[in-house]
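Visitor: I am new to this structure and would like a close look at one part of it. Could you take me slowly through a sheet and what lies around it?

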Amino acid sequence: MTAVSVETPAAPAQIFAFPAKRPNSYDLDWSSAERRLKEIKDFLLAAPQTMDPERLKFLLEVYEERQGEAPVIVRARLLERVLTKKTIFLDDNPVVGALTGVRAGVYAYPEWSADWIKDEIDLAKMGSLGEIKISAETQDLLKQVYAKWKGRTVFDQANRGYQELYGEDPKRLFKAGALFEGPAYTTGTGAVDYRRAIHEGLGSIIDEIDRRVAALPKRAGASAALAFYRAAKISLSAAVAHANRYADLAAQEARRAPTPARQAELLEIAEVCRRVPEHPARNFREAVQSFWFVHLVQEIEQMGCAVSPGRYGQYMQPFYEKDLAEGRLTREEAVTLLSFQWLKHSELAIYQGLSNALALSGHTGQTITIGGLTAEGEDASTELEEVLMDVQIRLRNIQPTLSLFYHPKMKESYLLKAVEVVRGGSGQPQWLNNRLAVERALSRFSDSGITIGQARNCGNFGCVATGVLDEGCYFAVGATLNLAKFVELTLNDGLDPLTKKRLGPQTGPAAQFQSFEELYEAFLVQLDHGARQQRRYSNLGCLAKEATVPGPYRSSLYGGCLEKGLPEEAGGARFSQALDIVAGGVDAANSLLAVRSLVFEQGLTTMAELLAALQANFEGFEALRRQCLAAPKHGNDDPTADALVKRLYRDVDRLYTAHGPDYLGRAPRVDAFSLSYHNLFGGLMGALPNGRQSGRALTDGSVSATPGTDVQGVTALIKSAAGAVDTVRYNSNHFNVKFLPQALEGPKGARTLLALIKTYFDLGGSHIQFNCVDSDVLKEAQTKPDDHKNLVVRVAGFSAYFTRLDHGVQDEIIKRTQYN
Amino acid sequence: MSSLVYNIQRMSVDDGPGLRTTVFLKGCPLRCLWCSNPESQAFEPQVLFFERLCVGCGRCLEACPHGAVERRGSVCGRVPGRCRHCGRCVKTCPTAARAGSGRRMDVEEVMAEVRRDDLFYQNSGGGVTFGGGEPTAGGQFLLELLARCRQEGLHACVDTCGACPEGLFAEVAATADLLLFDLKHLDPTAHARLTGRDNAVILDNFRTAAASPAEVRPRMPLMPELNDSEDNVAALAELLLGLGFEEIEVMPCHAFGWSKYAALDLPTPPVRAYEPEELKSALARFARHGLRTVVV
């Protein structure tokens with residue numbers, strides 16, 4: 001019998017020891033695959049990223065040539081120019097197609113914001129893979145682009161609109177770390193309908209556009225839809241032409257290939273690129289390449305965080321299954337081919353200025369949703385998803401990321417595989433609560449007639465948020481609000497201690513508050529002011545994007561846009577959400593808790609003394625700082641502390657939603673996660689009553705504990721975290737926990753982890769991510785304890801915080817970790 | 001009914017099946033050389049002083065009525081022999097450098113703490129473990145806790161050294177679901193040298209446990225050169241195999257509690273941790289005598 005093995009994969013050493021080529025397998029040169037994977041990965045880790053000037057040149061040309069045409073057409077023409085004229089090349093990766101004309105290249109997208117070109121041109125630029133090189137030619141082009149675009153970018157338009165309408169310069173809020181200038185940056189918006197694109201081909205979408213244009217009544221008001229259809233067709237056709245350029249190049253290179261094996265591989269690449277993405281993929285090899293082109297062109301159109309592949313392991317499963325059955329592919333070969341694709345994802349990078357780099361840390365949010373339910377409510381997980389997990393175990397990549405949508409019907413073997421990935425230490429997969437994602441979809445779109453089957457097609461957008469895949473996009477979004485900043489403003493009567501500017505209303509000198517409730521009321525006044533500013537700015541930002549940078553390519557791939565004749569920026573997708581993000585919530589709550597406990601309950605200090613200590617950044621107030629640190633904190637299953645955290649997040653929701661319908665006319669909803677906003681915002685804030693010193697990062701996530709302040713163990717932390725926000729009203733909660741892999745050892749450790757996750761989800765938690773660390777991290781934690789306060793290790797049967805253990809005990813644990 | 005509890009450890013993973021909460025009762029009839037929780041031995045509340053956490057703010061100097069604190073360089077040090085463990089300094093210390101051990105709790109208070117992680121027990125097949133000190137020294141208090149667990153359907157485990165009046169032990173064994181039973185040395189004289197008492201009652205109680213309906217897991221804190229000899233392992237194997245046990249949980253000596261000796265002004269114990277190779281050969285001795293070992 002020649003059954004295909006679907007059991008656990010062989011040990012990595014054997015995976016790539018391929019026997020002689022089977023008669024009907026692909027012409028991929030499998031024998032050199034491992035070497036090539038290693039070389040590509042080594043290159044990505046070592047090579048400097050380069051900013052490729054081509055897009056800047058095309059941008060100048062196309063906007064010059066197309067003056068006066070509808071913006072959506074100009075955008076399509078720009079994409080067409082990039083796709084058909086940019087330099088293309090083949091490297092050793094059998095999956096072809098790169099973002100720019102150079103390896104590890106990045107593009108600039110100055111249509112969103114050009115300020116950084118002027119302000120930061122001489123600063124070092126850091127991207128996701130390290131420092132970004134900018135040549136003299138690129139510098140010069142950047143300056144030309146700046147001259148053309150200054151005052152016209154999305155950011156400029158939003159700022160001007162805000163100034164004109166509300167008489168205030170919004171940049172003051174960004175500089176003070178109260179708001180993050182979201183509209184200034186490109187962004188992904190979720191997961192397009194990859195299934196359709198790959199299974200039916202882009203050609204079928206072009207046909208649909210032709211039918212819709214023919215059927216469209218040519219009456220008043222139809223010009224916008226006609227322009228959109230035309231732009232969509234230009235973009236899709238350019239995407240097809242882009243693939244054909246690679247087909248030509250591969251055929252050409254095949255003629256002078258160094259070996260017959262490479263020649264066969266190149267000829268196959270040519271054939272594949274000729275076929276997809278225009279036509280339906282017929283096998284796994286074509287489907288992988290089709291996926292990559294469909295995905296890549298979205299990134300070229302607008303490279304930003306959260307272009308998410310959706311349920312990759314489900315829409316690709318039929319190709320995988322068919323190839324296995326017909327003997328074209330083995331599971332091991334699938335791991336190899338996917339590893340090549342994974343490295344493609346890692347190569348994508350972006351640069352849009354320092355503030356963006358600090359807030360996103362180069363994160364590209366290419367998140368694959370695994371698990372979840374089918375439309376009929378059955379377990380949707382596939383064998384291919386287990387292959388994806390093997391790829392992750394092998395590569396430990398940071399992109400793409402896996403998001404496991406957990407529900408009680410999942411197979412045990414599947415869950416244990418996921419635990420194995422967690423043990424690998426890359427923080428993957430992150431776990432999301434499928435029940436809540438479905439509840440969210442139902443509650444958001446009940447008025448749009450969503451069916452339970454559609455709601456079950458939920459998935460992960462970018463980092464931790466959820467939405468409906470294929471036909472829903474995520475307006476991510478306007479300005480992110482820093483909740484901790486509003487505690488700072490409350491304590492300073494509306495003045496920002498950093499920039500000395502008045503940012504909020506006068507709520508009275510803090511030293512005069514007679515009770516905690518008076519202080520909290522003042523906080524709500526400040527927060528309400530901030531929430532209004534956030535809504536106003538976000539809406540103006542979304543309007544500027546809609547008017548200036550609509551994305552006809554990605555819009556054509558979202559269910560609903562062609563039907564309505566609207567790009568997704570104008571609300572074309574069927575189940576879109578416009579959400580604003582809040583960050584810094586735990587620092588805000590912990591600061592309020594500390595003031596309540598130390599000043600108003602225990603009388604251990606006065607408000608005047610506390611304010612003096614904050615102003616002095618606690619210098620000369622060490623005992624008071626320790627008391628601030630020891631005050632009640634989120635994350636300890638302490639009902640009194642937890643009640644204030646919940647109250648704060650409820651009030652944020654209440655105040656935010658009080659300002660009318662959202663950008664899409666729906667009931668507004670808030671999202672709570674940190675990306676790296678906690679890092680950016682923390683750098684712009686003074687000392688806080690929670691004991692945090694000036695300039696230090698805020699707490700990550702939205703329900704994680706501040707490192708070192710959750711002292712009751714992981715079960716207590718999980719209970720506090722699960723209850724902090726209403727996870728149906730909020731679009732996410734964001735919860736990071738650090739573990740040593742040794743704490744998850746063996747089958748018992750795996751079950752422990754699964755029990756923790758299940759309990760967290762039972763209690764209403766929405767997102768949890770475990771970071772496993774190795775002995776090198778432990779050694780670093782010994783020398784820099786402040787950076788590793790939340791590192792949990794297992795000590796003699798229970799868990800403890802590593803940095804609080806005696807040095808000798810720490811050494812013991814490091815030794816033990818190394819033995820394992 | 002109340003007793004002194006010195007720690008309630010949530011998310012214990014090695015004191016019985018699943019996720020558990022371990023309730024540590026204060027006070028123990030033994031004085032093991034290697035005890036990793038020296039604050040568990042006395043039946044009274046105690047004050048521990050962790051010098052590295054002290055910022056020298058001087059609040060304890062003002063609070064102490066017994067002259068047990070003195071300024072010593074940048075910290076507020078302990079005056080030997082003066083502390084009455086009244087705990088006044090603990091209340092004023094902002095950094096937990098002065099920490100109290102031992103809180104009087106009644107049965108309901110303990111059960112309320114235990115119930116907090118109920119859903120974790122349900123989802124992991126876990127429960128509650130009573131440890132010490134020596135939990136059976138809690139007498140009626142422990143029996144009442146066990147009865148409450150049985151009433152509420154909570155899986156209850158007792159981690160015992162076996163040094164307990166026989167009648168009481170029989171009642172404990174009849175009410176608990178699981179007994180983690182420490183065996184330290186099979187030779188009575190050596191046992192007395194290492195723990196302060198001989199092992200006659202302990203071995204009787206172990207036989208009682210083996211005959212009881214409770215699940216029993218024998219355990220052994222393994223100390224290099226103190227109780228890992230060929231002779232002792234052979235005697236242990238004879239006892240265990242004779243009673244139908246083929247496996248023992250072994251806890252190799254670790255230094256995790258040493259800082260607490262300093263905090264109690266006690267000398268560091270005269271025992272050391274294993275070298276990896278040395279531990280391997282110690283475990284091989286168990287195997288030679290027909291016992292499987294699980295290192296916890």
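Guide: What follows is a walk through the sheet of chain B, with a few stops elsewhere afterwards. Please keep in mind that this is a predicted model.

Let us begin with the sheet as a whole. It is an open sheet of 9 strands in chain B, and their order is S7-S1-S2-S8-S9-S10-S11-S12-S13, with mixed pairing. At the edges you will find strand S7 (103-106) and strand S13 (292-295) of chain B, each of which pairs on one side only. From one strand to the next, the twist averages 35°. As general background, strands of a sheet pair through backbone hydrogen bonds, either parallel or antiparallel.

Now look at strand S2 of chain B, residues 20-25. S2(B) is mostly covered, with 6 of its 6 residues buried. Try following the side chains along S2(B): B:Arg20, B:Thr22 and B:Phe24 point one way, while B:Thr21, B:Val23 and B:Leu25 point the other way, and all are buried.

S2(B) has a partner on either side in the strand order. With strand S1 (residues 2-12) of chain B, S2(B) pairs in the antiparallel sense, over 5 bridges. To find your place there, look for B:Asn7, which stands opposite B:Phe24 of S2(B). With strand S8 (residues 127-131) of chain B, S2(B) pairs in the parallel sense, again over 5 bridges. Here B:Thr21 stands opposite B:Val128 in S8(B).

Just past S8(B) there is a detail to pause on. The peptide bond from B:Gly132 to B:Gly133 is cis, with omega near 15°. B:Gly133 belongs to the loop between S8 and H5 of chain B.

Continue along the sheet to S9(B) and S10(B). These two strands run parallel and are joined by 4 bridges. B:Asp159 stands opposite B:Leu180 in S10(B).

A helix meets both of these strands. In helix H6 (residues 166-175) of chain B, the buried residues are B:Phe169, B:Val172, B:Ala173 and B:Thr175. The buried residues of H6(B) pack against strand S9 (155-160) and strand S10 (178-182), and also against helix H5 (140-152) and helix H8 (200-211) of chain B.

Let us step back and see how chain B is divided. Domain 1 covers 2-43 + 102-257 + 282-295, and domain 2 covers 46-101. Their C-alpha centres lie 33 Å apart. Where the domains meet, 4 residues of domain 1 are in contact with 4 residues of domain 2. On the domain 1 side, the touching residues are 2 nonpolar, 1 polar and 1 charged.

Chain B also meets chain A. The contact takes 27 residues from chain B and 28 residues from chain A. On the side of chain B that touches chain A, S1 and helix H4 (118-124) of chain B each supply at least two residues. By class, that side of chain B has 13 nonpolar, 9 polar and 5 charged residues.

Across in chain A there is another open sheet to visit. This one has 5 strands in the order S6-S7-S8-S16-S15, with mixed pairing. Strand S6 (367-371) and strand S15 (736-739) of chain A each have a single partner strand, so one side of each is left without a neighbour in the sheet. On average, neighbouring strands of this sheet are turned by 25° against each other, direction ignored.

Within this sheet, strand S8 (residues 430-433) and strand S16 (residues 767-772) of chain A pair in the antiparallel sense over 2 bridges. The bridge partner of A:Leu432 in S16(A) is A:His767. Packing on the sheet is helix H20 (residues 434-445) of chain A, which touches S6, strand S7 (401-406) and S8 of chain A. The direction of H20(A) makes about 50° with that of S8(A).

Finally, here are some loop details in chain A. A:Val276 and A:Pro277 are joined by a cis peptide bond, with omega about 10°. A:Pro277 sits in the loop between helix H12 (260-275) and helix H13 (284-301) of chain A. A:Lys500, a residue other than glycine, has a positive phi near 60°, and A:Lys500 counts as exposed because it has 9 C-beta neighbours inside 10 Å. A:Asp637 has a positive phi near 55°, but A:Asp637 counts as buried because it has 20 C-beta neighbours inside 10 Å.

Conventions
Residues are numbered from 1 along each chain as its sequence is written. Chains are lettered from A and ligands numbered from 1 in the order in which they are written. This is a predicted model: local features need pLDDT of at least 70, side-chain atom pairs count only at pLDDT 80 or more; totals for chains, interfaces and linings use all residues. A residue is buried if 20 or more other C-beta atoms lie within 10 Å of its own, exposed if 12 or fewer, and partly exposed in between; C-beta atoms are placed from the backbone. Two residues are in contact if their C-beta atoms, placed from the backbone, lie within 7 Å. Two strands pair if DSSP finds at least two bridges between them. Axes are lines fitted to C-alpha atoms, for helices over the stretch in contact, and angles run from 0 to 180 degrees between N-to-C directions. Domain bounds come from an automatic or database domain assignment. Ala, Val, Leu, Ile, Met, Phe, Trp, Tyr, Cys and Pro count as nonpolar, Asp, Glu, Lys and Arg as charged, and the others, Gly among them, as polar.
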